[in-house]
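Student: I've just opened this one and don't know where to begin. Could you walk me through it?

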Amino acid sequence: REEERKGGKSGKRSRRDEIIDDYKALLAETVTDPTLSWSEAKDSMRQDRRYDKAADELSRHEREDLFDEQIESILKAVQEKMLAALNSSKVEGVTWHSHDFKDVDAKLLAADASFGQLSARSRHKTFSKWQAAQLAVHKEALAEALMSEIPEVALAMDPENVKTVPAEVQELAEYKALAPAGEAREKVLRGAIEAMKEKEQKKRRKLEDRFGEGLKGDAKKSMQNLAKYVEGGK
């Protein structure tokens, strides 16, 4: 009897899962516009037997939650499509350093009308997310250039005071590439210096672990070992 009881529950769960899967498929077929309301979607689905089965098995709350999930999946797909367009430079006149979002938004909608399925706020948030990601890439590139090309100059810089930029830094291609960013360039430079110093500190800690007390005893030898270690990028 226990096995029959378990088997009955398993079969019930299986039927429920099938009904949910069928209902999700119905939602995917019916709800393709994220502006569609639950009431409108429900009216469209009533003529399908899959909805009747879902109505018998699932509560209204459960059916509506699955509808909300479908809407979210559509919006997420549009956001990903928008990010892909920005990454591939398919939105004419829009760059990572564009500042006027009203202008950016008009160009986004001109490039692909489907972006209009997102609210203006969501489009702005998605663009800002992409812009931040691009700045992060530039920050990492600048940090690598500082470390590999002018480490002594960069390590001597104070990330809290980047108003005066050494000539050696200004000559870096990675720094020049940030010119269109305007005031944001200072923030990126500050972040690059902090990132570079953090990497340097990690290398120093590894070196200290490697050479132990020798670092404290012979300063000259310690610095030579450190220089070799940093240069070797170990």
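Student: What covers the buried residues of H5?

Tutor: This is a predicted model, so let's just read what it shows. The buried residues of H5, a helix running over residues 101–111, are Phe101, Val104, Asp105 and Leu108. What lies over them includes helix H4 (60–87) and helix H6 (120–149).

Student: Where on H5 are its buried residues, on the same side or spread around the axis?

Tutor: Start with who they are: Phe101, Val104, Asp105 and Leu108. They span an arc of only 100 degrees around the axis, and therefore they sit on the same side of H5. Exposed residues turn up on the other side of H5, namely Lys102 and Ala110.

Student: Which residue caps the N-terminal end of H5?

Tutor: Look for a side-chain oxygen lying 3.2 Å from the backbone nitrogen of lysine 102. That oxygen belongs to the residue capping the N-terminal end of H5, aspartate 100.

Student: How far does H6 reach from its first C-alpha to its last?

Tutor: H6 has 30 residues, and at 1.5 Å a residue you'd expect 44 Å. The model comes close to that, with a reach of 43 Å.

Student: Which element gives the most to the largest nonpolar core?

Tutor: That core has 53 residues, and Tyr23, Leu146 and Leu189 touch the most other members. Elements giving two or more residues include helix H1 (2–30), H5, H6 and helix H10 (184–211). The top giver, with 10 residues, is H4.

How values were computed: Residues numbered from 1 in each chain as written. Predicted model: local features only at pLDDT ≥ 70, side-chain atom pairs only at ≥ 80, totals over all residues. Heavy atoms only, no water. Buried < 20%, exposed > 50% of the residue type's maximum accessible area, 1.4 Å probe, protein only. Helix = DSSP H or I, 4+ residues; strand = E, 2+ residues; numbered from the N terminus. Arc of directions from axis to C-beta. Contact = heavy atoms within 4.5 Å. Polar contact = N/O pair within 3.5 Å; in protein donor to acceptor, adjacent residues only side chain to side chain. Expected span 1.5 Å × (residues − 1). Core = buried A, V, L, I, M, F, W, Y, C linked by side-chain atoms within 4.5 Å.
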